[in-house]
Each structure stands twice: as C-alpha cells, then as structure tokens.
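Here is a short report on a two-chain model. Keep the structure in view while you read.

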Amino acid sequence: MALPPTLAKILGVLSSLLLTFIGLTAITFVIGRLMPADPVLAIVGDRASQEVYDQVYLQLGLDKPVYIQYLRYLEQLLEGDLGTSIMTAQPVMEDILRFFPATLELATVATLLGIFVGIPMGVLAAVHQGRWPDHIVRVIGLIGYSAPIFWLGMVALLVFYAKLGWVAGPGRLDVFYDGIVEPSTGILMIDAAMSGEWDIFHNALSHLILPASILGTFALAYIARMTRSFMLDQLSQEYILTARVKGMPERNVIWGHAFRNVLVQLITIIGLTYASLLEGSVLTETVFSWPGIGQYITNSLFNNDMNAVLGGTIVVGTCFVGINMLSDLLYRLVDPRIR
Amino acid sequence: MANAATLRGWLLAEIPKSKTQARCQRLFIGWLDFKRNPIAMIGLLIIVGLVTIAALAPWITTSDGLALDLANRLQPPGREHWFGTDELGRDIFDRIIWGSRITLYIVALVSIIVVPIGLMVGTVAGYLGGWVDSVLMRLTDIFLAFPRLILAMALVAVLGRGLENAVLAIALTTWSPFARIARAEALTIRNSEFILAAQMQGISTVGILARHVTPLCMSSVIVRLTLDMAGIILTAAGLGFLGLGAQPPTPEWGAMISLGRQYLIDQWWVPTIPGVAILVVSLGFNLLGDGLRDVFDPKSGH
C-alpha cells in the first residue's frame, strides 16, 4: 500500500533528520571519548581511593561496550541531560537556556534585516539587470561574502560607537540598567517592553542594532543574490511576456506575478540563512561581548569545560539541522510543482 | 610575430591533430572566454598577486615579522613602517606579507585533503550505484548538514589548538559538497559508450574510476573549490581570531586581528589592516570562482 505523497515526504524528511541527528551525536560522542582528560578523574578528583574510582567508573558505564555507552549517551541527551559544567557547576542545559535567548534575539533581528533589505535589493537588481543597481547589489553581495565578519564588527564599533557615538557599545545593556528587568522570555527587548521600562528598551535596541546589522550582512548578501537569480528565472518566463502584452502595469507584473512565484523558493533560502546565522553568531558575539551561546562555547573551550562545549555544539547543531530540514519540508509542501 | 601567429593558428585549428593539441586548444579557448570577463580577471590578478607576494616574501620584507622592537611599538602608518607597527613593535606590513604564506598553506592543505576524499566518495557512489550509493550519500548528507564553525571548534577543543588541527577540522566539514558534485558527474558518465568500451576492454573498476570518470569531474570540482576557498579562508581566520587556530607569534591574519583588538580605539591600524588583507584575498577567490563557473558552465551563468 502506497503512502499518500505528502505523508511520504514528511516521513522522508523526518528520517533524514533522525539520521543526521544520530550522526551529529555520534561525532560529539567520539569527541567526548577522544578527549585526553579522564572523565572519572574529573568527577572524583585526584585524591579519591581506588574503590571510589572504580565505583564511578562502573556508574558511568565505562566497562560496557562502546555501542551501549553511545545508546546511554543518546538516552541522556533525549532527557535533556547534557552533563554538568565544570566552569559554572550547573547543569549545561540550564546554562544554555540562559544564554540561548541572547543568540536567538541577535540571529532573528539579523535575519529580519536580511529579509527586509535583501529581498527588495535582489528584486531591484533583477529588474535592472546589467545596469547600475545590479552592479551595486553585486558589489555589496561580494563584500558580504568576502569580509571576515569579526573584522567588519570591529570596524563598525570603531566608526559608529567610538568615533560617531551613534550606538551603544559592546554588551546587551549599559551597566546601570543591568538586572532591573525580570528575565521572563530572556529576550531583553520583549522583557523590557512587557514591564514598561522603555528606557531599557531603547538602550537594549541601541546595543543590538550594530551586531545585528553586522551579522545581517551575510544574510543580506545571500538573500539578495538568490532573490536576484530566482527573479531573473521568472522574468524570462512566457507568462510574464503574456502579462506585459496584455498591458498589465509593470509593478503588478513584477510584484504580483513574478515575485509571488519567487516567494516559495525563498522560504528555503531564509531557513538556511537563519540556521547559518545561529551558528555564525559565534564570532559576532565575541566581538560585541554578546552573552550568547557562542560566547558560552568559546569561554568553555578555553576553560577545558568539555561538557559545556559538546552540549553547546549539540544544541546549536540540532537547531541548525532542524531549521534546515523544516524549511526543506515547508518548501516541498508549498510548491505545487514538487507536490 | 610569425611565431605567435602560427601558435595561435595551431591553437585554434579546426581539427586538432594530436591529443596534446586538443588539450591545449580546450584550455586556450577557455582562457579566451575567461579573459573577456573583467571581474574574473580582477580575481585572477589578486590570486596571482598573492602567490607572487608569498613567493617573494624574503625580498619584499625587511624583517622576519617575529623579532620584537619594543622601542618602536604602536607606531602609526608612515614612511618608516607602511602599515605601522604592532604592540610588540613588529612591522605590520612585513607580518601581512609573511602571513600570505600561511593563508596559502591553509588553502593548499585543505584542498589536498578535501578533493581526493570528495572525488573518491562521489565517483564510487555514482559509478557503482545501489546500496553503496545510498550509504555513501547518506553519510555525505550528514556531513553536509553539520554546522561548520561550531563543529570545527569542538574538534579543535579535543585535538588541541593550532593551525594544523584547525585545517583538519575545516577539512572534515568541507569535503561533502565535492562528493555530491563528483557523484552527479559520475551518474551522467557511467552509462556513456566510452565507459562501456573501457569495461569491455577489461579495465578494472578502479582503473575506470581513476582514468575515465575522475578527470571528467575535475572541472566542476575546481570551480567549486575556488568558490569554497573564501569560506575556508574566513573559517580559518575566524578560528585564528577565536584563538583556536594558528597561535602567536605566527603572523596569521585572523590571529593578528585578535591580538590587536585591544588597540582598536587608539591604534586602529593594528587590528584593521590584517582584516583588509583577508577581505582582498577572499574577494579574489570569489571573483575568480564566479568567472571560472561562467567559463566551465555557461548555463548557470548570470
């Protein structure tokens, strides 16, 4: 009995999601086992007696075959247990939940910037193909692809914060605003708005705008480039010619006809961008002292806090894979030609 | 003059008389196409410039970029030091020049690891098909879905900080697109008649893969490699910036930015100039890659 095509597609995407997740966890598991530090020693300390050592050794299941250890590891992961951080002495999961909203805030605003600036730029470039708007968009795109993001961030800090003073500096808030707002969502601007602290809201915005723009350059470059090539594809189709021959206003031809078909393809692109920004924010966070997951992973790395590093890797990796697959699925469900 | 004309005639002859002539002709016609693309030429110029600078480094520089000169620390750009000096009095211009060798080293090392692995996995999967194909491509998909920088960070954490480990980590997350490309090419080639002819001559599978399938994948692989170079350079520089790649005092550009960060406000040249170097080189690779793609694959052009 054949499955209905939609269900088959969902199952297909889910199975590859599962496989990729298994691959990801297998790698972090291997990394965790390769690490030079003895996991038992890390728990019991140097001065523990042999009995205590053996006891913990058995508790951790290190006497079992590797695949059993891996399954045990998977089981812990699925329960949300990422181990305890050596640096903060708290469960890694709790730490990550505390740091993640900052990254989410940054990546979301960056993606939105990319969408609202990148798409019109791409459409403009396609409509004026080969003329100066097209060239300008191409140059911006090339710079967005080629510039090291951490360097771009530093130059922006130098110009807009140090020299011009238009925006606030590194961090999420000025020091004297710190800790006033109750962190209910963890996304500062929403929290501030909810508690009516508009000063804090403005301050948070002023801190956010620069890192988000910098992180958004890559999104902007990518989205503009893809929009342009999708639009060119559509504009050369016959239905566009028909619409023009009918005397339809050019604006309707572009936005009503061509762009509507492009929108479907853009879903995947936006999904990919969002996922890569969640990951790519590591460098931006370092430059702007943004207390997000990237900072957390980097700091843990320098403190040899492997549980935290691997936990962070798994969380970011899972989001990355999940968003990619989700946008793939969405695209397959929305596009009538693939359906 | 006459010689040049004969050479041109030989290169553009209607019917090539030898294998060598045919090969030279293909390259020459590709070059003519490529030359017409100004953007690609700029890219080529940048990369050739990079290689030249790296090769001539001992003659261009006045110092080894490592020796300290604390009397002249943090000098602004000027006649004496074109790009100024850093916090230890080292000439930044010289360090950038020496750093070009490191950039090329990274790029070469990643290519040497990534291309053979990608070609092998891709051609075997595409040529053999069946369950081998399924297994290998699943594996490729898994690696394709991995977040590159984060995974590289986790790997470096275990392997230890350093340039070679950073390269290894980058390579591990870079080979999969090459396998995809090689597989796609192998799929279209495997049913052609010349492959059948080779099979009937009794050439082994390995021989067919190595001598008949792989060469035909090369052009797509080279285009993709050039386009990927910028990403590789940026990731390596990013790892260097985070302090996970090349370690000081190596004049790696990302690490130089990282060390110069604290002087950003008052001595802007220390951290910003190495960034310009990274930007120019990755721009060069991007432009060159775009141009090569237009030459090798006119369909996907702009």
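Helices here are DSSP runs of at least four residues, numbered from the N terminus. With that in hand, Pro249(B) can be placed in the loop between α11 (205-242) and α12 (253-260) of chain B. The model is predicted.

**Two backbone features**

A cis peptide bond joins Pro248(B) to Pro249(B). Its omega is about 10 degrees. Chain A has a backbone feature to inspect too. Ser289(A) has a positive phi, near 45 degrees, although the residue is not glycine. Ser289(A) sits in the loop between α11 and α12 of chain A. It counts as partly exposed because it has 13 C-beta neighbours inside 10 Å. For context, most residues other than glycine have a negative phi, and most peptide bonds are trans.

| Site | Angle | Location |
|---|---|---|
| Pro248(B)-Pro249(B) | omega about 10 degrees | Pro249(B): loop between α11 and α12 of chain B |
| Ser289(A) | phi near 45 degrees | loop between α11 and α12 of chain A |

**Chain B overall**

Chain B has 13 helices and zero strands. Its C-alpha atoms fill a box of roughly 75 × 60 × 35 Å along the principal axes. Of its 302 residues, 43% count as buried. Take the contacts in chain B with a separation of 6 or more: 67% of them come from residues 24 or more positions apart.

**A helix pair in chain B**

How do helices α6 (residues 130-144) and α9 (residues 176-189) of chain B cross? Their axes come within 8 Å and cross at roughly 140 degrees. That angle makes α6(B) oblique to α9(B), because it is neither over 145 degrees nor in the 65 to 115 range. The crossing is left-handed. On the α6(B) side, the contact is made by Met137(B), Thr140(B), Phe143(B) and Leu144(B). On the α9(B) side are Ser176(B), Pro177(B), Ala179(B), Arg180(B) and Arg183(B). The residues of this contact divide into five nonpolar, two polar and two charged.

**Where the chains meet**

The contact between the chains takes 38 residues from chain A and 33 residues from chain B. On the chain A side, the elements giving two or more residues are α1 (5-34), α6 (132-146), α7 (149-163), α11 (250-287), α12 (293-302) and α13 (306-334). Which of them gives the most? That is α13(A), with nine residues. The chain A side divides into 26 nonpolar residues, 11 polar and one charged.

How values were computed
Residues are numbered from 1 along each chain as its sequence is written. Chains are lettered from A and ligands numbered from 1 in the order in which they are written. This is a predicted model: local features need pLDDT of at least 70, side-chain atom pairs count only at pLDDT 80 or more; totals for chains, interfaces and linings use all residues. Axes are lines fitted to C-alpha atoms, for helices over the stretch in contact, and angles run from 0 to 180 degrees between N-to-C directions. Angles under 35 degrees count as roughly parallel, over 145 as roughly antiparallel, 65 to 115 as roughly perpendicular and the rest as oblique. A crossing is left-handed if the near helix is turned anticlockwise from the far one by less than a right angle, and right-handed if clockwise. Two residues are in contact if their C-beta atoms, placed from the backbone, lie within 7 Å. Ala, Val, Leu, Ile, Met, Phe, Trp, Tyr, Cys and Pro count as nonpolar, Asp, Glu, Lys and Arg as charged, and the others, Gly among them, as polar. A residue is buried if 20 or more other C-beta atoms lie within 10 Å of its own, exposed if 12 or fewer, and partly exposed in between; C-beta atoms are placed from the backbone.
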